[in-house]
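I am opening a notebook on a structure that is new to me, and I want to go through it one feature at a time. The entries below follow the order in which I looked things up.

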Amino acid sequence: MPRYEYRCRTCGDTFELSRPMAESSAPAACPAGHDDTVKLLSTVAVASSAPAPAPRASGGGGGGGCCGGGCCG
C-alpha cells in the first residue's frame, strides 16, 4: 500500500499515512487531531549501480537525418 506524506497547517507537523491510491486525496487528520492538512508532493529517487550508456559518437560516417545521411549536396 502506498505511503503519502501530509503536513498540518495548524501545528506544522509532517506525518505519513499508508492508504489505497483511491483514498490519497481524502482528508487526513494530523496525529494531534487537527483537520487542516495538505498532502505533500513526494518525489521518488531511483538509483542504479549499472553505468550509464556511453553517448554515441557523431561524425562523418552516415547516420540519421538528411545531412547525416548524405542527401545534402
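**Entry 1: terms.** Before I note any bridge partners, I need to fix what pairing means here: two strands pair if DSSP finds at least two bridges between them. I also keep in mind that the model is a predicted one.

**Entry 2: the sheet.** I looked up how the strands are arranged, and I found an open sheet of three strands in the order E2-E1-E3, with antiparallel pairing. E2 and E3 stand at the edges with a single partner strand each, so one side of each has no neighbour in the sheet. From one strand to the next, the twist averages 35°.

**Entry 3: E1 with E2.** I then followed E1 (residues 3-8) and E2 (residues 14-18), which pair in the antiparallel sense over five bridges. Reading off individual partners in E2, I noted that Arg 3 has Ser 18 as its bridge partner, and that Arg 7 is matched with Thr 14. The two strands form a hairpin with five residues between them, and in the turn I found Gly 12 with a positive phi of about 85°.

**Entry 4: E1 with E3.** On the other pairing of E1, I counted three bridges to E3 (residues 37-39), and the two strands run antiparallel. In E3 the bridge partner of Arg 7 is Val 38, while Cys 8 stands opposite Thr 37.

**Entry 5: the two faces of E1.** Which side chains of E1 point to one face and are buried, and which point to the other? I found that they alternate along the strand, with Tyr 4, Tyr 6 and Cys 8 on the buried face and Arg 3, Glu 5 and Arg 7 on the other, where they are not buried.

**Entry 6: the buried face.** I next looked for the largest nonpolar core, which has six residues: Tyr 4, Tyr 6, Cys 8, Phe 15, Ala 28 and Cys 30. E1 gives the largest share of this core, three residues. As background, I wrote down that nonpolar side chains tend to be buried together in soluble globular proteins. For Cys 8 I listed the contacts outside its neighbours within four places in sequence, and these are Asp 13, Phe 15, Cys 30, His 34, Asp 36 and Thr 37.

**Entry 7: aromatic rings.** How many aromatic pairs does the count come to? It comes to one aromatic pair. That pair is formed by Tyr 6 and Phe 15, which are stacked, with 5.7 Å from centre to centre and 20° between the planes. Both Tyr 6 and Phe 15 are buried.

**Entry 8: Glu 5.** I turned to Glu 5, which has its place in strand E1, and asked whether it is buried, partly exposed or exposed. Its relative accessibility is 29%, and because buried means under 20% and exposed over 50%, Glu 5 counts as partly exposed. Leaving aside neighbours within four places in sequence, I found Glu 5 in contact with Thr 14, Phe 15, Glu 16, Val 38, Lys 39, Leu 40 and Ser 42. Val 38 is 33 residues from Glu 5 along the chain, yet their C-alpha atoms are separated by 8.7 Å.

**Entry 9: salt bridges.** A search of the whole structure gave me two salt bridges. In one of them the side chains of Glu 16 and Arg 3 meet at 2.9 Å, N to O. This pair links distant parts of the chain, with Glu 16 in strand E2 and Arg 3 in strand E1, 13 residues apart. I noted Glu 16 as partly exposed, with a relative accessible area of 44%, whereas Arg 3 counts as exposed at 51% relative accessibility.

Asp 36 forms a salt bridge with Arg 9, and their closest N and O atoms are 3.6 Å apart. Here too the pair links distant parts of the chain, since Asp 36 lies in the loop between E2 and E3 and Arg 9 in the loop between E1 and E2, 27 residues apart. Asp 36 is partly exposed, with a relative accessible area of 37%, and Arg 9 is exposed, with a relative accessible area of 56%. I added the general remark that side chains of opposite charge can pair when their charged atoms come close.

Definitions and conventions:
Residues numbered from 1 in each chain as written. Predicted model: local features only at pLDDT ≥ 70, side-chain atom pairs only at ≥ 80, totals over all residues. Heavy atoms only, no water. Buried < 20%, exposed > 50% of the residue type's maximum accessible area, 1.4 Å probe, protein only. Helix = DSSP H or I, 4+ residues; strand = E, 2+ residues; numbered from the N terminus. Contact = heavy atoms within 4.5 Å. Phe/Tyr/Trp six-rings, centres within 6.5 Å; stacked < 30°, edge-to-face > 60°. Core = buried A, V, L, I, M, F, W, Y, C linked by side-chain atoms within 4.5 Å. Salt bridge = Lys/Arg side-chain N within 4 Å of Asp/Glu carboxyl O. Axes fitted to C-alpha atoms, helices over the stretch in contact; angles between N-to-C directions.
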